[in-house]
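Welcome! Take a moment to look over the chain and turn the model around on your screen before reading on.

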Amino acid sequence: MKTFKSIFEQYDWDSIQSKIYQTTSKDVEYSLSKTKRNLDDFLVLISPAAQPYLEQMAQKCHEITKKRFGKTIQMYAPLYLSNECQNICTYCGFSLDNKIKRKTLSDSEIKLEVEALKKTGLDHVLLVTGEANYTVNINYFLNAIDLIREQFSIISVEVQPLSTEDYQRLHEAGVYSVLVYQETYHQEVYKKYHTKGKKSNFDFRLETPDRIGTAGIHKIGLGVLLGLEDWRTDSFFNALHLDYLQKKYWQTKYSVSFPRLRPAEGIIEPNFIMDDKDLTQLICAYRLWNEDLEISISTRESEKFRNHIIPIGITSMSAGSKTNPGGYVVDPQSLEQFEISDERSAEEIKQIIKKSGYEPVLKDWDRSFSLKVGKSKVIKSITLDN
């Protein structure tokens with residue numbers, strides 16, 4: 001099966017980086033004048049030359065997002081199931097070489113965490129684990145999903161890369177979306193950050209979204225870890241990946257997230273600093289390039305930034321997040337994967353969204369619209385698009 005790797009190998013990191021930094025103001029003005037933009041325009045809009053046009057970009061983003069998604073913001077919360085991991089990644093608090101207390105939630109502990117989450121009113125949960133194939137594997141995931149399936153309208157997962165067959169099993173179990181981050185598309189730098197474990201296999205991770213698409217998962221989420229490499233060049237390759245996926249798996253929805261390196265146990269300092277203005281530019285570039293793309297912002301970001309970014313181009317926000325297994329009620333002191341910045345409750349985030357003139361949305365489909373055919377469920381999604 002032809003995968004993204006064949007496309008990726010046609011591009012050279014240094015050449016793309018050079019092209020980004022050679023962009024002129026004339027190039028930016030031409031891209032902004034267009035009503036339909038391509039990857040070349042995305043490259044232009046993430047360039048340093050585009051920064052003076054940020055206000056104009058933001059205004060265009062606001063109108064496009066309002067037209068495509070309405071004035072709604074989806075809300076979700078992560079549920080960390082385990083911090084066990086067999087990889088050594090120099091930037092992660094869960095890295096195998098960090099001497100920390102490891103914890104994987106039991107069935108009863110998962111139920112307690114779910115009970116706490118349900119009290120917030122949120123109906124979309126993102127299941128997150130470290131990458132420990134012997135402990136948190138497909139059987140563990142399926143069991144956890146079975147335990148919580150009736151409690152949430154939307155279940156997403158962010159776990160280690162799996163086989164196509166395992167993604168098909170997740171799909172059949174009711175998983176709505178799968179998030180997987182390449183971390184960085186710079187292949188040589190990738191090796192320096194991922195020194196041991198299955199995650200050190202760059203190609204296997206690179207081809208993961210192809211396996212997810214083949215399995216028929218409803219939505220795929222991509223992103224890079226901002227701070228490992230030049231954010232502009234990494235983001236171009238992430239957009240290239242999205243462009244390929246949208247053309248090949250055209251029935252699938254896509255989202256992009258923007259994890260910036262945050263403090264955590266044993267991690268390195270970012271090699272490349274990305275400030276709030278840079279992130280705003282990147283969000284605008286994605287929206288101007290791709291009107292259909294769902295754009296998510298997490299509690300890694302500050303209260304101030306999250307408040308101000310609501311009207312610009314995002315479509316979903318996490319709220320009240322805990323990034324440690326059992327963090328809601330079972331074991332609040334267990335190690336976090338990274339420190340969150342916005343510690344406000346889900347209810348506070350709802351009110352902020354409303355004050356911004358937007359509607360907080362807790363789910364985008366309902367179980368009453370599910371049809372059971374044999375042993376599988378066909379879900380009719382109710383979209384909120386205007």
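Let us begin with a term for helix pairs: two axes whose angle is under 35 degrees count as roughly parallel. In this predicted model, the axes of helix α7 (residues 138-148) and helix α8 (residues 164-173) come within 10 Å and cross at roughly 5°. The two helices α7 and α8 are therefore roughly parallel to each other.

Which residues make the contact between these helices? On the α7 side they are Ile138, Asn139, Phe141, Leu142 and Ile145, while α8 brings Asp166, Arg169, Leu170 and Ala173. Sorted by class, this contact of α7 with α8 has six nonpolar, one polar and two charged residues.

Now stay with α7 a little longer. Its buried residues are Ile138, Tyr140, Phe141, Leu142, Ala144, Ile145 and Ile148. A general point helps when you look at such a list: an α-helix has 3.6 residues a turn, so residues three or four places apart point the same way. What do the buried residues of α7 pack against? Their partners are the strands β1 (72-82), β3 (124-129) and β4 (154-158), together with the helices α6 (107-118) and α8.

Next, here are three single residues to find on your screen. Buried means under 20% relative accessible area, and the table shows where each residue stands.

| Residue | Place | Relative accessible area |
|---|---|---|
| Ser156 | strand β4 | 1%, buried |
| Thr315 | loop between α14 (303-309) and β10 (316-318) | 5%, buried |
| Pro78 | strand β1 | 7%, buried |

Let us visit them in turn. Ser156 lies in β4, one of the strands that the buried residues of α7 pack against. Leaving aside neighbours within four places in sequence, Ser156 is in contact with His124, Val125, Leu126, Leu127, Tyr176 and Ser177. Take His124 from that list: Ser156 and His124 are 32 residues apart in sequence, and their C-alpha atoms are 7.6 Å apart in space.

Pro78 sits in β1, another partner of those buried α7 residues. Not counting residues up to four places away in sequence, Pro78 touches Leu117, Leu126, Val128, Ser321, Lys322 and Tyr328. How far apart in space are the C-alpha atoms of Pro78 and Ser318? They are separated by 7.5 Å, although these positions lie 240 residues apart along the chain count.

Thr315 belongs to a loop, the one between α14 and β10. With residues up to four places away left out, Thr315 touches Thr65, Phe69, Thr72, Ile73, Gln74, Arg287, Glu294 and Ile295.

There is some empty space to explore as well. How many cavities of 30 Å³ or more does a search of the whole structure find? The search finds two. The second largest cavity has a volume of about 40 Å³. Its lining is formed by Gly223, Val224, Leu226, Ser235, Asn238, Val256, Ser257, Phe258, Leu282 and Tyr286. The elements that give two or more residues to this lining are α12 (231-248) and α13 (276-289). By class, the lining of the second largest cavity has six nonpolar, four polar and no charged residues.

Finally, step back to the whole chain. It has 15 helices and 13 strands, and buried residues make up 56% of its 386 residues. Among contacts with a separation of 6 or more, 74% join residues 24 or more positions apart.

Technical notes. Residues numbered from 1 in each chain as written. Predicted model: local features only at pLDDT ≥ 70, side-chain atom pairs only at ≥ 80, totals over all residues. Heavy atoms only, no water. 1 Å grid on protein atoms, 1.4 Å probe; cavity = no way out; pocket = protein on both sides within 12 Å on 5 of 7 lines; lining within 4 Å. Points joined across faces, edges and corners; volume = space filled by probe spheres on them. Helix = DSSP H or I, 4+ residues; strand = E, 2+ residues; numbered from the N terminus. Nonpolar A, V, L, I, M, F, W, Y, C, P; charged D, E, K, R; others polar. Axes fitted to C-alpha atoms, helices over the stretch in contact; angles between N-to-C directions. Parallel < 35°, antiparallel > 145°, perpendicular 65-115°, else oblique. Contact = heavy atoms within 4.5 Å. Buried < 20%, exposed > 50% of the residue type's maximum accessible area, 1.4 Å probe, protein only.
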